[in-house]
Amino acid sequence: MTLPLDVTKLADLLRLAAKSEILPRFRRLADGDVRAKSEPVDLVTEADEAAERLIRREVEAMAPGALFVGEESVAADPALLGKLADADFAVVVDPVDGTFNFASGIPAFGVMASVVWKGEVVAGIIYDPMGDDWVMAERGAGAFLRRPDGEAIRLSVARSAPLEAMVGMASPAYFFGDVRERILGNLAKVRFFANYRCSAHEYRTFAGGHVQFVLYNKLMPWDHLAGTLIAVEAGGYAARFDGSPYRPSHVDGGLLLATDRESWQMLRREIIG
């Protein structure tokens, strides 16, 4: 399909933001450069804000008709998030995904962007500043690991596995009360699960064929739109907990990704309950 902007240029822009605004601040943040938002582990840094300003300025030049939805822009103007549902053309950006890791000096963070066109996610990009590469997908064209030298490797999800042999990524942070206890108890049925506190790297791990599932409850578009498209283009199956498709406007309802529909149904039954 013909996309409304050049995805390669958008990918290069994420790399530019990382090299000019994010990496120079890694493990060099002063006390005043890190602030809590909704809770002590929900952080924003000078790197997040500076990177988003750069990306927004360049996106507005590249695609003047696009709605720009960035995590920090929404933090400043919550009403912006509601505009995504009706936008014909939007660019959604997470300038530093894994801010807790970044602020802690842990090298597991990423820069993500997705392109929404007429209600559908048509492109997704996850850039890893430490590895200096991208995982990328365009709707209907597959998912690829791309390097700055032009090398491209097609991605494919793992083979399915019995429940007791599955490994996966699960984020329990936004399950609460009895639901959290049930989910964590049910996850004992799989071989093991991990949580990187960075959806960028969790989606990369899934799309690269290293785990059989990914599980989230809270759905903010900058965290999940790019990764879900990449995962599906790598051959995975994704749906909200009730089986409905995940859309750009969704912020709740949970999200489960698996290697195939049959595995998804088993995980939904055995883990979500």
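Start by selecting Leu16, which sits in helix H1 (residues 7-22). This is a predicted model, and in it Leu16 counts as partly exposed because its relative accessibility is 46%, which falls between the 20% and 50% cut-offs. Now add Ile55 to the selection: 39 residues separate Leu16 and Ile55 in sequence, and their C-alpha atoms are 8.8 Å apart in space.

**Helix H2**

Ile55 takes you into helix H2, where it is one of the buried residues. Select residues 46-62 to see the whole helix. With 17 residues at 1.5 Å a residue, H2 should span 24 Å, and the 24 Å between its end C-alpha atoms agrees with that. Colour the buried residues next: they are Ala47, Asp48, Ala50, Ala51, Glu52, Leu54, Ile55 and Val59. As you turn the view, keep in mind that an α-helix has 3.6 residues a turn, so residues three or four places apart point the same way.

What caps the N-terminal end of H2? Show the side chain of Thr45: one of its oxygens lies 3.1 Å from the backbone nitrogen of Ala47.

**Two side trips from H2**

Stay around Thr45 and bring up Thr99, a residue of helix H5 (residues 99-104). Leaving aside neighbours within four places in sequence, Thr99 is in contact with Leu43, Val44, Thr45 and Asp48. Its relative accessible area is 8%, so Thr99 is buried. Draw a distance from its side chain to the backbone oxygen of Val96, and you should find a polar atom of Thr99 lying 2.9 Å from that oxygen.

For the second trip, go to Ser73 in helix H3 (residues 71-76). Is Ser73 buried or exposed? Its relative accessibility is 12%, so Ser73 counts as buried. Show its side chain together with that of Arg56, and you will see the two joined by a polar contact of 3.3 Å. Not counting residues up to four places away in sequence, Ser73 touches Glu52, Arg56, Phe68 and Leu80.

**The nonpolar cores**

In soluble globular proteins, nonpolar side chains tend to be buried together. Here the largest nonpolar core has 41 residues, and Ile126 and Leu257 are those with the most contacts inside it. Helix H8 (residues 221-233) supplies the largest share of this core, six residues. Apart from it lies another core, of 34 residues, among them Ala17, Ala51, Ala66 and Ile125. Ala51 may look familiar, as it was among the buried residues of H2.

Now centre on Ile126 and expand the selection to what it touches. Beyond four places in sequence, its partners are Val111, Met112, Asp133, Trp134, Val135, Ala200, Tyr203, Arg204, Ala226, Gly227 and Ile230.

**Helix H8**

Ala226, Gly227 and Ile230 are partners of Ile126 and are buried residues of H8, which makes this helix a natural next stop. How many of the residues of H8 are buried? The count is 12 of 13, so the helix is largely enclosed by the rest of the structure. The buried set holds polar names too, including Asp223, His224, Thr228 and Glu233. The end C-alpha atoms of H8 are 18 Å apart, in agreement with the 18 Å that its 13 residues should span at 1.5 Å a residue. Just beyond the helix, look for Gly235, which has a positive phi near 110°.

**Two backbone angles to check**

Most residues other than glycine have a negative phi. Arg27 has a positive one, near 60°; you will find Arg27 in the loop between H1 and strand E1 (34-36). At 58% relative accessibility, Arg27 counts as exposed. Asp132 also has a positive phi, near 55°, and its place is in the loop between strand E6 (120-128) and strand E7 (133-138).

**Zoom out**

Finish with the whole chain in cartoon view, where nine helices and 14 strands come into sight. Its radius of gyration is 18 Å, close to the 19 Å that the globule rule gives for 273 residues, so the chain is as compact as a globular protein of that length. The C-alpha trace spans about 50 × 45 × 35 Å along its principal axes. Buried residues make up 53% of the chain. Switch to a surface view to end: the accessible surface comes to about 11800 Å², with 50% of it belonging to carbon and sulfur atoms.

Technical notes
Residues numbered from 1 in each chain as written. Predicted model: local features only at pLDDT ≥ 70, side-chain atom pairs only at ≥ 80, totals over all residues. Heavy atoms only, no water. Helix = DSSP H or I, 4+ residues; strand = E, 2+ residues; numbered from the N terminus. Expected span 1.5 Å × (residues − 1). Buried < 20%, exposed > 50% of the residue type's maximum accessible area, 1.4 Å probe, protein only. Polar contact = N/O pair within 3.5 Å; in protein donor to acceptor, adjacent residues only side chain to side chain. Core = buried A, V, L, I, M, F, W, Y, C linked by side-chain atoms within 4.5 Å. Contact = heavy atoms within 4.5 Å. Rg over C-alpha atoms; globule rule 2.2 N^0.38 Å. Areas by Shrake-Rupley, 256 points an atom, 1.4 Å probe, with all protein chains shown as cover.
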